[in-house]
Each structure stands twice: as C-alpha cells, then as structure tokens.
Amino acid sequence: MDIWGQIADGASWALLVAGALFCMAGGVGILRFPDVYTRSHAAGVVDTAGAILILVGLMIQAGLTLITVKLIIILFFLLFTGPAATHALVKAALSGGQMPLTGPRGKGE
Amino acid sequence: MSMFAAAIIGVVVTMAMALLRALMGPTIYDRILAVNTFGTVTVLAISIFGFLMGRPEFLDIALIYALINFAGTIAVLKFLRYGDLGRASAEPDEDI
C-alpha cells in the first residue's frame, strides 16, 4: 500500500482503539460512581468521546464516500441526542425526589 | 481487520458493564441511564460490525437504532415523570 494508505490505517487504528478505551472508561465510571448524577457524567464520556473517536476512525477507513456521509449523520445525531436524553433523565431524577450526594455516602446526605 | 476486533472487544465490554449497572442499579433512573448507554454502545457496535463484515448497509440500521433509542428513553422518562404519555400535562411545569 502507498504511504498514505498506511498513515490512514494507522490513524484509524489509533482512533478506534482510543474510542474503545474511552467507552470502557465510561463503562467503569457507570459501575463505580455512587449515585445517578455522577453516573450520568460517566455515561456522557461514552456518548461523546467514545462515539466521536470510533466513528471518526471508521470515517477514515471509509474515505470520501457515501458511507462517510452516513457516519457523519450518525455522529451528529448521537451528539445532539446524548445530552438531551441525559438532561431529561437528570431532570426526572431530581423531580422524582432523588437528592444528589453532597459528601461521601453516609455522611454527606 | 484486527483493528475492528480491538474496537469491538472494547464495545462489548462496555455493553456488559452497562447491563451490570442496569441489573444492579438501585433506582429506576440508574436503569434508564444504563439502557440508554447500552443503546448508544449498540449503535457503535453495529457500525463496527458493518465495517468488519464489509457491509456498509449496517450504518442505516445503526442510525435507526440511535433514533429509536433516544425516542424510547424520552418516552420512558415522560411516563415516569407525568404518569402517562397521553395529553400534555395541563399545569405548567413547576421549576425546581
């Protein structure tokens, strides 16, 4: 393959692996954080960093074709609806009587 | 080819973690958050699988899955908040 192909493959490999790592980091955060408000931060990591890195990595693989346009549409949609869904969730949780933790569990409530 | 495998492993591990939170989550909101994250990660998994198997049509499926995932999350939240999905709530939304 010519040099540009190798650079593109290397870049998309790095982006895909970084995206997978960010997804897992967000997943660990969803598991280990104390309450739903902090967990929504971790979920935000998955929605934004994971999605951007993985989809951009796929875009480099696809090159300038219709596939890249579809990937851009998916990425834009995810970036618009992720925060909207998280906002709706946290608003529902707050009005549902779920008080956010202010200190370490057991002392801060 | 192996780059897609690496990405898929990370995505599947995230799916497992989201499912674990959905099972363990004490409150209903943790479960909704976990299912929402599971949906987003599924969109990524479908896209990567499409590339892995050389079938770019999967991206349409991924886009539709993202649409439905968002609509479902908002519907569940609205039902939880207002008790029903029918008519818009009469009284104005009291600010918190």
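**Note on a surface patch and a shared cavity**

1. A good place to start is A:Trp4, which sits in helix H1 (residues 3–32) of chain A; helices here are DSSP runs of H or I with at least four residues, numbered from the N terminus. This is a predicted model, with local features needing pLDDT of at least 70 and side-chain atom pairs pLDDT 80 or more, while totals for chains, interfaces and linings use all residues. Residues are numbered from 1 along each chain as its sequence is written, and side-chain values use heavy atoms, without hydrogens and water.

2. A:Trp4 is exposed, at 63% relative accessible area (exposed is over 50%, buried under 20%, partly exposed in between; 1.4 Å probe, protein chains only). With A:Ile3 and A:Ile7, A:Trp4 forms a nonpolar surface patch of about 370 Å² accessible area together. Patch residues have over 30% relative accessible area and no salt bridge (Lys or Arg side-chain nitrogen within 4 Å of an Asp or Glu carboxyl oxygen), and nonpolar side chains are joined within 5 Å.

3. Do look inside too: there is 1 cavity of 30 Å³ or more, and the largest cavity holds about 70 Å³. A cavity is a set of points on a 1 Å grid where a 1.4 Å probe fits but cannot get out, and lining residues have an atom within 4 Å of a point.

4. H3(A) gives the largest share of that lining, 4 residues. The lining of the largest cavity includes A:Phe77 and B:Phe70, and divides into 4 nonpolar, 5 polar and 1 charged.

5. Lastly, B:Leu85 lies in the segment after H3 of chain B and is partly exposed, at 46%.

Methods. Chains lettered and ligands numbered in written order. Patch = residues over 30% accessible without salt bridge, like charges linked within 9 Å, V, L, I, M, F, W, Y side chains within 5 Å. Areas by Shrake-Rupley, 256 points an atom, 1.4 Å probe, with all protein chains shown as cover. Helix = DSSP H or I, 4+ residues; strand = E, 2+ residues; numbered from the N terminus. 1 Å grid on protein atoms, 1.4 Å probe; cavity = no way out; pocket = protein on both sides within 12 Å on 5 of 7 lines; lining within 4 Å. Points joined across faces, edges and corners; volume = space filled by probe spheres on them. Nonpolar A, V, L, I, M, F, W, Y, C, P; charged D, E, K, R; others polar.
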